[in-house]
Amino acid sequence: MKALLLRDLRLAIRAGGGFGLGLAFFLILATLIPFGVGPQPDVLASIAPGVLWVGALLSCLLSLERIFALDFEDGALDLMASSPLPLEGIVAVKSLAHWLTTGLPLVVAAPLLGLMLNLPSQSYGWLLMSLLIGTPALSVIGAFGAAITVGLKRGGLLISLLVLPLYVPTLIFGADVVRRAGQGLDASVPAFMLAGLTLGAVAIMPFASAAALRAGLKGS
Amino acid sequence: MSLWEYANPRKFMALSGKLLPWTAVGAALLCCVGLIWGFFFTPDDFRMGSTVKIIYIHVPSAMMAINVWVMMLVTSLIWLIRRHHVSALAAKAAAPIGMVMTLVALATGAIWGNPMWGTYWAWDPRLTSFLILFLFYLGYMALWEAVEDKDTAADLTSVMCLVGSVFALLSRYATRFWNQGLHQGTSVPVATGERTVDDVFFVPLAISMVGFAVLFVALVLLRTRTEVRARRLAVLNARERMSA
Amino acid sequence: MIDLGKYAADVVFAYGISLGLILGLIGLSMYRAKRMKADLAAAEARIEARQNNGT
């Protein structure tokens, strides 16, 4: 499994692996928002938590297909499915690779973008923490969406339709953590909810994803 | 002699063919009685005026929006566990009905809400949950259309329905946390329907609710029959192509 | 017509949209059912004819 992880990481980082794409999209989004809503500092400050979280979410969405698509296309996924490794484990490892190459960079970039969006200063720590806790959930839930649409020709838009509603609870709690922190309120309740959600998702989604992969591989 | 006999497509077609006219007539009757009674023969509410009449459509449709998804969940599980095609096709057939019910609930909720809350749309937990449910229906239907092999489509949509159900519940809780909501504090029963409604409103409401439920049964029988036929047609066409 | 008061437009609009959507769904479902029944019958007839010609 470690070999699989290293392989996926290497593939993602290589040129054409899409490594910087999510990050670039995140930056572009944070740049576009003020052009859309106006540069007023207080307006930006109030929407910054949401924009950062939605941005992270959409950036994750962009790279979801890659989790399984490439391996599916060249038949590697079939081989992996019939290997002695449990498919659930393979999904978990691939989700981890996705998080390391997409989610984690977003966490690092977020405070810089927060600066651009006039995020209140007391929110930065909570921003980092909420994204750190929340982006793994985005990866495992996203992997489920990728598994469901594996092998579909025009899967891109369908993945968004399927995955974005699933992202709603994570988004609600994640953004709420940052928002409450900015208002000086106690942000621990949504933080705990977010943590619970991530733990639950990490535990359960690989099973659903594996089931979806088995169905998709059978039919192809 | 058990319910599972009707997993056999032929038996299902036979039974549903017999049931369909009765359920159709029953639905028409109940809905007409409920709605006409409610619309013409009930008083206005002293607070809400004549908009209270919207309740006879809003509550039944909201109830069905949720119940249809539950039915899809059950039939999806039956497909995953026992591989009865009729079950998978019934879920597929039910989805558009649920989607329309959700849309009707949203539309009537919004139109009712405008005179009451001053706005057509409010990010109220219940309305928001229904919006999310609508998106789930859309995704489910889109997935059926996107996958070519219909057995694979049945598998994928069933898993999607399961996961969607979990997240729908999660979202319901999350949206309540996110916005404590306008529905709170009013005695307007939105999704549940009974409790705080006066008797004079309750009877036509109950009739409408049953009417909508029977309407769903009639429609899902009709649509499932279409799906069963479509599947048989696809098999025949495939066989023809192979022997040609 | 009964007096719907100041909310007449809202109520009528609500009923109108809802009935429109639901009747539309019913109509569409009935149409598809009829089409599918006809298509299936045609296909079965075709296969029947081919089998009869073959034997």
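# Exercises on a predicted three-chain model

The end C-alpha atoms of residues 123-148 of chain A lie 36 Å apart, and this span is 96% helix and 0% strand. The model is predicted, and the predictor gives the complex an ipTM of 0.90 and a pTM of 0.91.

## Exercise 1. Transmembrane spans of chain A

Task: State where UniProt places the feature "transmembrane region" in chain A, and describe the span of residues 43-64.

Solution.
- Step 1. Take the record. The unreviewed UniProt entry places the feature at residues 12-37, 43-64, 96-117, 123-148, 155-175 and 187-213 of chain A.
- Step 2. Turn to the model. Residues 43-64 of chain A are 91% helix and 0% strand, and the end C-alpha atoms of this span are 32 Å apart.
- Step 3. Set beside this another span from the record, residues 123-148 of chain A, with 96% helix and an end-to-end C-alpha distance of 36 Å.

## Exercise 2. The fold of chain A

Task: Which secondary structure elements does chain A have, and how does its radius of gyration relate to the globule rule?

Solution.
- Step 1. Count the elements: chain A has 9 helices and 0 strands.
- Step 2. Read them along the sequence, which gives α-α-α-α-α-α-α-α-α.
- Step 3. Compare the radii. Chain A has a radius of gyration of 18 Å, close to the 17 Å that the globule rule gives for 220 residues, so chain A is as compact as a globular protein of that length.
- Step 4. Add the extents: the C-alpha trace of chain A spans about 55 × 35 × 30 Å along its principal axes.
- Step 5. Add burial: 53% of the 220 residues of chain A count as buried.

## Exercise 3. Two places in chain A

Task: Locate Asn118(A) and Asp78(A), and say whether Asn118(A) is buried, partly exposed or exposed.

Solution.
- Step 1. Asn118(A) belongs to the loop between α6 (87-116) and α7 (124-148) of chain A.
- Step 2. Phi of Asn118(A) is positive, near 60 degrees, in a residue other than glycine.
- Step 3. Buried means under 20% relative accessible area and exposed means over 50%. With a relative accessible area of 33%, Asn118(A) is partly exposed.
- Step 4. Asp78(A) is part of helix α5 (residues 76-81) of chain A. With a relative accessible area of 37%, Asp78(A) is partly exposed.
- Step 5. Asp78(A) and Arg214(A) are 136 residues apart along the chain, and their C-alpha atoms are separated by 9.3 Å.

## Exercise 4. Chain B and its Arg83

Task: Describe the make-up of chain B, then find what the charged end of Arg83(B) sits over.

Solution.
- Step 1. Chain B has 6 helices and 0 strands, in the order α-α-α-α-α-α from the N terminus on.
- Step 2. The C-alpha atoms of chain B fill a box of roughly 70 × 40 × 35 Å along the principal axes, and buried residues make up 55% of its 244 residues.
- Step 3. Arg83(B) is in the loop between α2 (55-82) and α3 of chain B. Its phi is positive, about 55 degrees, although Arg83(B) is not a glycine.
- Step 4. Arg83(B) is partly exposed, with a relative accessible area of 34%.
- Step 5. The charged end of Arg83(B) sits over the ring of Trp79(B), 4.3 Å from the ring centre.

## Exercise 5. Aromatic pairs

Task: Is the pair of Trp123(B) and Trp178(B) stacked or edge-to-face, and which parts of the chain does the pair link?

Solution.
- Step 1. Ring pairs need centres within 6.5 Å, and planes over 60 degrees apart count as edge-to-face. By this rule there are 9 aromatic pairs over all chains.
- Step 2. For Trp123(B) and Trp178(B), the centres are 6.1 Å apart and the angle between the planes is 80 degrees, an edge-to-face pair.
- Step 3. The pair links distant parts of the chain, 55 residues apart: Trp123(B) in the loop between α3 (85-117) and α4 (125-146), and Trp178(B) in helix α5 (residues 150-178) of chain B.
- Step 4. Both partners are partly exposed, with relative accessible areas of 46% for Trp123(B) and 31% for Trp178(B).
- Step 5. Ring pairs also link Phe39(B), Phe40(B), Phe41(B) and Tyr15(C) into a cluster.

## Exercise 6. Chain C

Task: What is the radius of gyration of chain C, and what would a compact globule of 55 residues have?

Solution.
- Step 1. Chain C contains 1 helix and 0 strands.
- Step 2. Its radius of gyration is 23 Å, whereas a compact globule of 55 residues would have one near 10 Å.
- Step 3. The C-alpha trace of chain C spans about 75 × 15 × 5 Å along its principal axes.
- Step 4. Buried residues make up 25% of the 55 residues in chain C.

Terms used. Residues are numbered from 1 along each chain as its sequence is written. Chains are lettered from A and ligands numbered from 1 in the order in which they are written. This is a predicted model: local features need pLDDT of at least 70, side-chain atom pairs count only at pLDDT 80 or more; totals for chains, interfaces and linings use all residues. Side-chain values use heavy atoms; hydrogens and water are left out. Rings of Phe, Tyr and Trp (its six-membered ring) pair if their centres lie within 6.5 Å; planes under 30 degrees apart count as stacked, over 60 as edge-to-face and the rest as tilted. Helices (H or I, at least four residues) and strands (E, at least two) are DSSP runs, numbered from the N terminus. Buried means under 20% relative accessible area, exposed over 50%, partly exposed in between (1.4 Å probe, protein chains only). A charge sits over a ring if NZ of Lys or CZ of Arg is within 6 Å of the ring centre and within 35 degrees of the ring normal. The radius of gyration is taken over C-alpha atoms; the globule rule is 2.2 Å times the number of residues to the power 0.38. UniProt positions are given in the numbering used here, feature names are shortened, and annotations may be inferred rather than shown by experiment.
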